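Please work through the exercises below with the sequence and the structure at hand. Each task is followed by a solution in steps.

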Amino acid sequence: MEGAAAAAMNKDLCIHSWPGSYYLQSEKRWVYGKLSLTPYQLTFTSDKEGLILTSFKLSGITGIKKETSSFIFSSLTVLVGGSEKHWFSSLQPNRTVVFNVIEHFWRAQLLSSEVEADPRPMSKGRELINLASSSQQRLGDTAKVLHHQGEQFDRIMKGLDKIESDLDVANRLLTELESPPWWPFSSRLRKQEVKNKPESLPSSQAFGKDGLILIVPILYSQGPDPNLKQGTLAILCSGLEIRDSNEQLVHKYRREDVDDIKVQNPYEIVVRQRFIGKPDISFTLQSARMTDVISIVEIQYSKKVQFKEDLLGLFRPEDSSVSENLGMGSSIWNAATGFLDRVMHPASASGGQMSQQVCEQTVSEAEAQELRQILRKLKSIALDTEAELERQNEVLDVIGSSTDQATSRINTSHRRIRKLL
């Protein structure tokens, strides 16, 4: 299946590789080569022979330290299994960068709730459950973004109502100014307007908070700088916020500032803001949870997200829009339920070849029940999201007409003011 192939590609993907040296205990010497990191493994390969001198799983690491060899050379030590110690030195661009990257993915592996894949082939039912769970998580992220977007629309409507109220006040004041000096009600009108003039709200209250969606630990570097530093990435409805390990703000991209987001691999993206006449502001971001980030920014920034061709099959297996998928909630449920019935009762299939093929896809009763529960939640989220989209479409129509009306009234007020000058 495409999901299994994508998982295998994701598991074997080389996240980083660094030139360096490894201390070979058996021969008591340093060997030059390349240290490579995958999502689940750390490997050192020699330059001359191309042999793998050492390789161990991240889950087997019990400690990573910065040390010195012979009291002079800076080294990186990795403790495996509590007693097996590996020495790495001469790492480029420097030891600190390598340490930050390895420690980040090692800690993510320890904190991950996922169980390592069994060497035996995964059952068909488990594959279906994993696919459905991934779809549920992604649709849940979509619903969360839409919810915050709906709150922004509501705040815009309140702002437009305030603009209408202010325009009414401006209209009455202009009418007073346009009245002749002998008009008896002018002074009374002025006093009444000053008394009843509503207090203006601060912009922070008018538009509310930024709307936090997700925070993930990251490794970041700005521009061409190869030195990756530890920090956090906050995904907001209003943009992206990068902070260092001390929670100090490094940079904030407003939503309209982001010109493109390039997905280099499932663990690395590059965010850029273009400028004319001065350098662009770009940040390279890496994280073990980058797939969660990509699933959200792909919705928020859609056309600005760029994937490499070899990653399209991983992140966009089907060329279908979100709205089309949301509109097919019932059909997805019916198709999935029908499929479950077929795999739970393979004897009803006609033909020897077809019966054998369905038997190979049989899932257990427990797996089928778990899949049904996930699909029920998936259908509920899809229907709620579809209803929210319809509501937001109606609100957008109201916002459009209200904006046009406010623009027309403002232009009219400007003309009246110019006549008074």
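The exercises that follow treat confidence, overall make-up, a helix pair, salt bridges and the backbone of some loops.

This is a predicted model, in which local features need pLDDT of at least 70 and side-chain atom pairs count only at pLDDT 80 or more, while totals for chains, interfaces and linings use all residues. Residues are numbered from 1 along each chain as its sequence is written, and side-chain values use heavy atoms, with hydrogens and water left out.

**Exercise 1. Confidence**

Determine what pLDDT the chain averages, and state where pLDDT stays under 50.

Solution. Step one is the term itself: pLDDT is the predictor's confidence in each residue, from 0 to 100. The chain has an average pLDDT of 77, and 74% of the residues score at least 70. Step two is to locate the weak stretches. Over residues 1-6 pLDDT stays under 50, and the model has seven contacts (heavy atoms within 4.5 Å) for them beyond four places in sequence. Over residues 186-191 pLDDT also stays under 50, with five such contacts. Where pLDDT is low, the predicted coordinates should not be read in detail.

**Exercise 2. Overall make-up**

State how many helices and strands the chain has, and what share of its residues is buried.

Solution. Helices (H or I, at least four residues) and strands (E, at least two) are DSSP runs, numbered from the N terminus. On this basis the chain comes to 11 helices and 15 strands. Next comes accessibility: buried means under 20% relative accessible area, exposed over 50%, and partly exposed in between (1.4 Å probe, protein chains only). Of the 421 residues in the chain, 36% are buried. Finally, among contacts between residues at least 6 apart in sequence, 54% join residues at least 24 apart.

**Exercise 3. Helices H3 and H11**

Describe how H3 and H11 pack, and identify a salt bridge that links Asp168 to Arg409.

Solution. Two packed helices are described by the angle between their axes and the distance between the axes. Axes are lines fitted to C-alpha atoms, for helices over the stretch in contact, and angles run from 0 to 180 degrees between N-to-C directions. For H3 and H11 the angle is about 20°, and the axes are 7 Å apart. Angles under 35 degrees count as roughly parallel, over 145 as roughly antiparallel, 65 to 115 as roughly perpendicular and the rest as oblique. H3 and H11 are therefore roughly parallel to each other.

The last step is the side-chain pair. A salt bridge is a side-chain nitrogen of Lys or Arg within 4 Å of a carboxyl oxygen of Asp or Glu. The side chains of Asp168 and Arg409 form one at 2.8 Å, N to O. This pair links distant parts of the chain, with Asp168 in helix H3 (residues 124-178) and Arg409 in helix H11 (residues 365-420), 241 residues apart. Asp168 is partly exposed at 33% relative accessible area, and Arg409 is partly exposed at 23%.

**Exercise 4. Further salt bridges**

State how many salt bridges the whole structure holds, and examine the pairs Arg29 with Glu27 and Glu388 with Arg391.

Solution. A search of the whole structure gives 15 salt bridges. Side chains of opposite charge can pair when their charged atoms come close. Arg29 and Glu27 are joined at 2.4 Å, N to O. Arg29 is partly exposed at 40% relative accessibility, as is Glu27 at 44%. Glu388 and Arg391 form a salt bridge at 3.1 Å, N to O. Because they are three residues apart in helix H11, Glu388 and Arg391 are separated by about one helical turn. Elsewhere, salt bridges that share partners join Asp260, Arg272, Arg274 and Asp280 into one network.

**Exercise 5. Loop backbone**

Find what is notable in the backbone at Pro93, Ser90 and Glu247.

Solution. As background, most residues other than glycine have a negative phi, and most peptide bonds are trans. The peptide bond from Gln92 to Pro93 is cis, with omega near 10°. Pro93 lies in the loop between strand S7 (84-89) and helix H2 (95-111). Ser90 is in the loop between S7 and H2 too, and its phi is positive, near 55°. Glu247, in the loop between strand S10 (239-244) and strand S11 (249-254), has a positive phi of about 65°. Ser90 is partly exposed at 38% relative accessibility, and Glu247 is partly exposed at 45%.
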